[in-house]
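The following exchange examines one protein model through a series of questions and answers. Please look over the sequence and the structure before reading on.

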Amino acid sequence: MSDIFQEVEEDLRRERLKRIWDRYGIFVIAGAVLIVLVTAGFRGYDAWKTGRERAAGDEFAAVLAQAQELNTVSVADELVAFGENAPGGYAMLADFRAGTAYAEAGESEQAQQVFRALAEDTSVPAPYRDLAGIRLGHLLIDAGDYDAARDTLLPIAENTGNPFHRSAQELVGLAAFSSGDTDEALRWFTALREEAGTPPAIQGRAQFMLGLIAQTVEVEAPANGGTPAASEEETN
């Protein structure tokens with residue numbers, strides 16, 4: 001009897017499975033096909049992306065190799081043109097190199113445009129945007145646009161968690177000094193000198209600037225305060 005019950009149970013189980021398959025089998029097959037297609041598509045895209053990046057790397061190397069044969073502005077123009085259609089990483093590298101090439105050629109405005117675009121491009125990783133901001137700050141100070149340099153660099157300088165904040169502080173202090181704001185310059189360079197963890201090279205430059213500020217204040221003091229007091233020898 002137990003065998004008969006087992007056979008009946010198996011028949012009922014097979015019947016239930018058949019009904020389930022008849023109802024949902026098409027979805028199982030569709031899901032399996034979809035998985036195969038997605039996997040194939042992903043692998044195909046990955047292969048296409050890898051090939052494109054390799055081709056871009058070869059083209060980028062070729063553009064840089066031409067730098068020795070072309071003048072700097074031509075190299076910058078080539079790099080900008082390359083970056084317009086290159087994958088993200090190579091486009092960013094090309095723009096950084098182009099900005100440097102424009103600066104070396106004395107084309108400050110074009111260099112500023114390149115670095116400003118990098119600094120404002122949210123698709124560029126934050127550290128590279130900040131690095132572009134540092135480069136832009138340098139160019140603006142060299143061009144005498146101290147207010148614009150300060151506006152560009154201040155957000156980086158005030159963010160102590162930013163890896164470039166000390167470089168930005170130094171440049172903000174330099175912009176302040178160059179514009180004649182010795183009090184502001186004194187504040188930034190003093191902070192750099194006294195802040196723990198400031199690299200020795202930056203500390204040394206900060207100390208030098210503090211000495212230069214002190215000399216500037218001493219020279220300007222007589223003009224601001226009237227005729228300097230006579231020395232002891234003169235009174236005698």
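**Salt bridges, helices and cores**

Me: Which residue meets Arg166 in a salt bridge through its side chain?
Reply: A salt bridge is a side-chain nitrogen of Lys or Arg within 4 Å of a carboxyl oxygen of Asp or Glu. The side chain of Arg166 forms one at 3.5 Å, N to O, and its partner is Glu195.

Me: On what basis should these values be read?
Reply: This is a predicted model, in which local features need pLDDT of at least 70 and side-chain atom pairs count only at pLDDT 80 or more, while totals for chains, interfaces and linings use all residues. Residues are numbered from 1 along each chain as its sequence is written, and side-chain values use heavy atoms, with hydrogens and water left out.

Me: How many residues apart in sequence are the parts that the salt bridge of Arg166 and Glu195 ties together?
Reply: Helices (H or I, at least four residues) and strands (E, at least two) are DSSP runs, numbered from the N terminus. Arg166 lies in helix α7, whereas Glu195 is in the loop between α8 (182-194) and α9 (200-225). The pair therefore ties together parts whose separation in sequence is 29 residues.

Me: Is Glu170 buried or exposed?
Reply: Buried means under 20% relative accessible area, exposed over 50%, and partly exposed in between (1.4 Å probe, protein chains only). Glu170 meets Arg205 in a salt bridge at 2.5 Å, N to O, and this pair links helix α7 with helix α9, 35 residues apart. Arg205 counts as partly exposed at 41% relative accessibility. Glu170 has 15%, so it counts as buried.

Me: Which residue forms a salt bridge with Arg193?
Reply: Arg193 is partly exposed, with a relative accessible area of 34%. Its partner counts as exposed at 58% relative accessibility. The closest N and O atoms of the pair are 3.4 Å apart, and the partner is Glu194.

Me: How many salt bridges does the structure hold?
Reply: Some salt bridges share partners, and these join Arg150, Glu184 and Arg187 into one network. For the structure, the number of salt bridges is five.

Me: How many helices are there in the protein chain?
Reply: The elements run α-α-α-α-α-α-α-α-α-α from the N terminus on. There are zero strands, and the number of helices is ten.

Me: Which helix gives the most residues to the largest nonpolar core?
Reply: A nonpolar core is a set of buried Ala, Val, Leu, Ile, Met, Phe, Trp, Tyr and Cys residues joined through side-chain atoms within 4.5 Å. The largest has 33 residues, and those with the most contacts inside it are Phe115, Leu118 and Leu153. The elements that give two or more residues include α2 (72-85), α4 (108-120) and α7 (165-178). With seven residues, the element that gives the most is α3.

Me: Which residues does Phe115 contact, leaving aside its neighbours within four places in sequence?
Reply: Contact means heavy atoms within 4.5 Å. With those neighbours set aside, the residues in contact with Phe115 are Phe96, Gly99, Thr100, Ala132, Arg135, Leu136 and Leu139.

Me: Which residues does Gln112 touch, not counting residues up to four places away in sequence?
Reply: Gln112 is found in helix α4. Its relative accessible area is 11%, so Gln112 is buried. Not counting residues up to four places away in sequence, Gln112 touches Leu136, Leu139, Leu140 and Ala143.
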